[in-house]
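The exercises below are meant to be worked through with the sequence and the structure in view. Try each task before reading its solution.

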Amino acid sequence: MERNNEKEKKMKILCLHGFRTSGNFLQKQLSKWDPSIFAPHDFHMDFPDGLYPAAGKSDIEAIFPPPYFEWFQFNMDFTEYTNLEECISYLCEYIKSKGPFDGLLGFSQGATLSALLLGYQTQGKVLKEHPPMKLFVSISGTKFKDPSLCEVAYKDPIKVKSVHFVGAKDWLRLPSEELATAFDNPLIIRHPQGHTVPRLNEETVEKLQKWSREILFQSNGNGNATFDDDKHGTMVNGEVKVEMTKKLDGGDLQDSGSIA
């Protein structure tokens with residue numbers, strides 16, 4: 001994409017990896033996406049490691065080298081969390097010191113955490129002096145289950161342009177669907193794969209290219225850019241839904257099987 005004027009600048013996206021993996025692993029996972037979606041001359045992607053070293057076995061040990069990290073810990077029901085407040089404080093300080101950021105992207109635990117931060121910012125709980133985020137990409141993200149968190153983070157629709165990847169074989173398929181309902185007019189992309197950053201077919205690449213370009217144009221003061229629902233997919237109950245029905249080759253890099 002060519003720049004129209006000197007005022008246009010790169011958008012910064014903070015990318016949070018899954019449970020007991022790493023920033024490098026998420027970068028590797030996303031490398032199977034067409035680079036035009038988040039073109040390097042238009043977007044800067046930041047891939048930090050989690051705050052805590054992995055406290056147990058990582059499910060990617062056979063396919064990607066250590067070290068591995070986790071953002072926080074949790075019980076089996078995902079209703080109690082350890083070091084979550086410390087993690088939120090760390091990320092807010094990271095965003096303020098390394099930013100400002102224009103959006104968040106996350107996989108599994110990283111997406112779940114990103115959505116919480118966006119909800120908290122909407123409610124004025126965190127990042128009060130930071131500009132509102134413009135975009136969010138959730139891959140296998142979920143809501144937190146603790147009512148004390150839900151009553152704040154998901155109290156009102158989060159008005160951030162969001163894309164939610166939902167895998168037909170993902171064990172977090174239904175929780176991923178539920179997270180999308182927390183956002184205003186989400187773009188939902190369904191794919192036939194499991195708990196992974198999916199490979200994208202040509203149609204989906206084109207939809208994401210258009211989605212990211214429109215956000216970039218709007219960020220650079222081109223307020224007339226519009227989101228064409230008919231070209232993105234079917235609008236159902238205020239949500240744009242895209243089906244990836246084309247079967248794709250295997251070999252996807254998987255994340256931890258935990259709620260990461």
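**Exercise 1.** What does the accessible surface of the protein chain come to, and what percentage of it belongs to carbon and sulfur atoms?

*Solution.* The model is a predicted one. In this model the accessible surface of the protein chain comes to about 12000 Å², and carbon and sulfur atoms hold 49% of that surface. Turning from surface to interior, 53% of the 260 residues of the protein chain count as buried. The secondary structure of the chain consists of 7 helices and 12 strands.

**Exercise 2.** Is S162 buried or exposed? Place the residue in its element, and then describe its surroundings.

*Solution.* Begin with the element: S162 belongs to strand β9, which covers residues 161-167. Next, take the cut-off, by which buried means under 20% relative accessible area; S162 has a relative accessibility of 2%, and therefore counts as buried. Finally, look at the neighbours: leaving aside residues up to four places away in sequence, S162 touches F136, F183, P186, L187 and W211, while its side chain is joined to that of H164 by a polar contact of 2.9 Å.

**Exercise 3.** Compare the expected span of helix α6 with the distance between its end C-alpha atoms.

*Solution.* Helix α6 runs over residues 202-219 and has 18 residues, so at 1.5 Å a residue it should span 26 Å. The end C-alpha atoms of α6 are 26 Å apart, which agrees with that expectation. Several residues of α6 are buried, among them L208, W211 and I215, and just after the helix G221 takes a positive phi of about 90 degrees.

Note on methods: Residues are numbered from 1 along each chain as its sequence is written. This is a predicted model: local features need pLDDT of at least 70, side-chain atom pairs count only at pLDDT 80 or more; totals for chains, interfaces and linings use all residues. Side-chain values use heavy atoms; hydrogens and water are left out. Helices (H or I, at least four residues) and strands (E, at least two) are DSSP runs, numbered from the N terminus. Buried means under 20% relative accessible area, exposed over 50%, partly exposed in between (1.4 Å probe, protein chains only). Accessible areas come from the Shrake-Rupley method with a 1.4 Å probe; for residues, only the protein chains shown count as cover. A polar contact is a pair of N or O atoms within 3.5 Å; within protein, one must be able to donate a hydrogen and the other to accept it, and residues adjacent in sequence count only if both atoms are side-chain atoms. Contact means heavy atoms within 4.5 Å. The expected span of a helix is 1.5 Å times one less than its number of residues.
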